[in-house]
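This briefing is meant to be read alongside the sequence and the coordinates. It moves from the chain as a whole to its enclosed spaces, and ends with one residue and its surroundings.

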Amino acid sequence: MLDRQLHRARMVSSVAATMISLACGTNYVYSAWAPQFADRLHLTATQSNLIGLAGNLGMYSMGVPIGLFVDNRGPRPAVIVGSILLGLGYYPFQASFDNASGSVPLMCFFSYLTGLGGCMAFAASVKTSALNWPHHRGTATAFPLAAFGLSAFFFSQMGDLLFPGNTSAFLMLLAVGTFGLPFVGFFFLRVWPAQGYQSLPNGAARLSDSQQLRRTSSEEAKRAGRGFTEPEPGRSSPTTYTTPEASTQTGSEGLDRIAESSSSQGASHSNRTDIEAALPSTHDDEPDDADETSSLVSKSSSLPGDVLVQNSVDMARSHLIDIRGWRLLRNFDFWQFFLIMGILAGIGLMTINNIGHDVQALWKYYDDSVDETFLVHRQQLHVSILSVCSFAGRLLSGVGSDFLVKVLQASRVWCLVIASFIFFMAQVCALNITNPHFLGLVSGLSGLGYGFLFGVFPSIVAEAFGIHCLSQNWGFMTMSPVISGNLFNLFYGKVFDSHTVITPEGDRSCPDGLECYKDAYYVTLGACGLGLIVTLSTIRHQYLARLREAANQGTAQD
C-alpha cells in the first residue's frame, strides 16, 4: 500500500517538475516579441540585443551558486524564488510596452531576473526528478529537460493562438505564465526517499560499489533502524529510510512521516577530499536514498528497476577522476572545452536572439505590404521551429553519443564536430537566403545545432573531469556562452544598426533585406571553422592522452 502511494506521489512530483520546467526556457522566446518592443520604445538593434543578453547572463552566469543553493536548501525554496523572479522580470516589460517608455539599463536588469529565475526553478525541477527516481534517473530527468527545450514553442504557440499580433497581451502571458506554472508546481514538488535498498557486499559481482544494490528483507530493514551512513564519495549525507515506522504506516500518515524525515535531514557530513572522492567506496552498507539536500550529480547512475546497468558516462574513468576548482582551471582540456562551448553556443545564441530581426528585414524587403500582425506571427513561427529543433537535437545527441561510445568505441566529442557542421550549414543558409519563405532552414538548423551541443556536453564534462564534481564544473563551463554571446550579439546589433533608417516620427527600420545582417553571419561562419578546428584538436589530444595512459598501465603491470 505504501509503495503504491509513494509511486503515485513521485509521479505527481515529476509532473510538477515538468510543468515548472516549461516556464524556465522563455529566454529563447525573446525574438518573438523583441522587434515590436524595440519599435515601440524606439530602441536600436544593439540596445535590443543588450536586453536579450542580460537574460542569457542570468541564465548562464549563476549556475555554480544556484547549484550550491539547491544542494544546501533543497529544491522547493529555489522554485518559489524562481517563480517570483520570473514574474517580477516580465511584468515591467509589459508595462513599458504599454507606456512606450523605459530605461534600457532597467530593462536589462529585469531581463536578468527572468534568466536568473528560470535557472533557479529549472535546477530545482531537474534535481527533484533525479532524486525521486534513483533507478530511472535518465528517463525521469528527460521530461523536465524536454519541457525546458519546448518552453519557447509552448509560449509562442499559446501567444499566437490566444493573442495573435498582440505583443502587449503576449508579454502579460509571459509574466503570468512564468510565475503561475512554478508557483502552482511548488505545492506538488516533493522529494520522496527511496525505500529499502542497500548495496551488495564487496564480494559480489564487480560493478562499481556505488551501483551494487539489493532489496533488503523486512527483518534487515528493522535491524537497520534509523540512522546515518558514511556518505559515498561525492554524496551529501545519505539517510537510511528503511525504518519500522515507515514500513508499517499506511495512507497519508505514512507518507507524511516519510516526507518529514526526508526534509529534516541536512548535509551533516562534510564532503571528502578530492583524493578520497577519487577512490572507490569500500562500505558494505550504502543506501541509495536521497533527501532534498543530496547532491544530484554525485549519485549512482540510473538503474531500471532491479536490473543493474552501467551508463557509459558512469564507467571507471568518470568515477575515478575528480578534477575541480583550481585543478580544473589549470587543466588544458578544460580550456579547450570552454573555448568550444563559447564559440558554438555564441553562434547559436546570435540567431536565437535575432531571428525576429531576420524575419522583419527579409519580409519587409520581400513584400512591403505585410502588416505587423503577420510579422509577429512569422516571428513566433520561427521561435517555435528553433524550440522544436533544439529539443530534437538534444535527443539525437544523447542517442548518437551513446552509439559512438558503445558501438564504434569512438570519442563522444565527435558529436561536437557534428554540431559544428550543423552550425556551419545554418550560417551558409543565412548568408544566401533572400526569400523569407526559406528562412526556416536558418532557424531549424540553428536550433538543431544548439540542441546537439547542449545535449551531449554535460556527458563530455563528466567523462573528462569526473562525475562527482559535474555540478560545479558544468557551472563553470556554462559561463563561456556569456562571453561569446555578448560579442556575437553586440556585433549583430552594430551591423543591423548601420543599415537602419530613422523616419521623422522616430521609427527605425532596415530596408536592405539580407544586407541588414549579412556581415554578422560572415563572422559566425568563420567562428564555425575555428570551432571545428579546436574540436578536432581536442579529439586528437584526448586520443594521444589515452594512449599514454594505456602505455603507463601496461608498464606498471609488467
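The points below are grouped by topic, after a short summary.

The model is predicted, and its protein chain holds 22 helices and six strands. A search of the whole structure finds four cavities of 30 Å³ or more, of which the largest has a volume of about 170 Å³ and the second largest a volume of about 90 Å³.

**The chain as a whole**

- Of the 558 residues in the protein chain, 57% count as buried.
- The accessible surface of the protein chain comes to about 22,700 Å², and carbon and sulfur atoms account for 64% of that surface.
- When contacts in the protein chain between residues at least 6 apart in sequence are considered, 81% of them join residues at least 24 apart.

**The largest cavity**

- The largest cavity, with a volume of about 170 Å³, is lined by 16 residues, and those closest to its centre are Asp39, His357, Phe496, Arg508 and Ser509.
- Two or more residues of this lining come from each of α2 (34–41), α16 (332–366), α21 (480–498) and β6 (508–509), with α16 giving the most, namely four residues.
- By residue class, the lining of the largest cavity divides into seven nonpolar, five polar and four charged residues.

**The second largest cavity**

- The second largest cavity is lined by Tyr28, Phe148, Gly149, Ala152, Ile352, Val383, Leu386, Ser387, Ser390, Arg394, Gly447 and Tyr450.
- The elements that contribute two or more residues to this lining are α7 (137–149), α17 (372–406) and α19 (440–465), and α17 gives the most, with five residues.
- The lining of the second largest cavity is made up of seven nonpolar residues, four polar residues and one charged residue.

**Leu181 and its surroundings**

- Leu181 lies in helix α9, which spans residues 167–186.
- Leu181 counts as buried because its relative accessibility is 18%, and the cut-off for buried is under 20%.
- Leaving aside residues up to four places away in sequence, Leu181 touches Met19, Ile20, Leu22, Ala23, Phe154 and Phe155.
- Although Leu181 and Ala17 are 164 residues apart along the chain, their C-alpha atoms are separated by 9.8 Å.

Technical notes
Residues numbered from 1 in each chain as written. Predicted model: local features only at pLDDT ≥ 70, side-chain atom pairs only at ≥ 80, totals over all residues. Heavy atoms only, no water. Buried < 20%, exposed > 50% of the residue type's maximum accessible area, 1.4 Å probe, protein only. Contact = heavy atoms within 4.5 Å. 1 Å grid on protein atoms, 1.4 Å probe; cavity = no way out; pocket = protein on both sides within 12 Å on 5 of 7 lines; lining within 4 Å. Points joined across faces, edges and corners; volume = space filled by probe spheres on them. Nonpolar A, V, L, I, M, F, W, Y, C, P; charged D, E, K, R; others polar. Areas by Shrake-Rupley, 256 points an atom, 1.4 Å probe, with all protein chains shown as cover.
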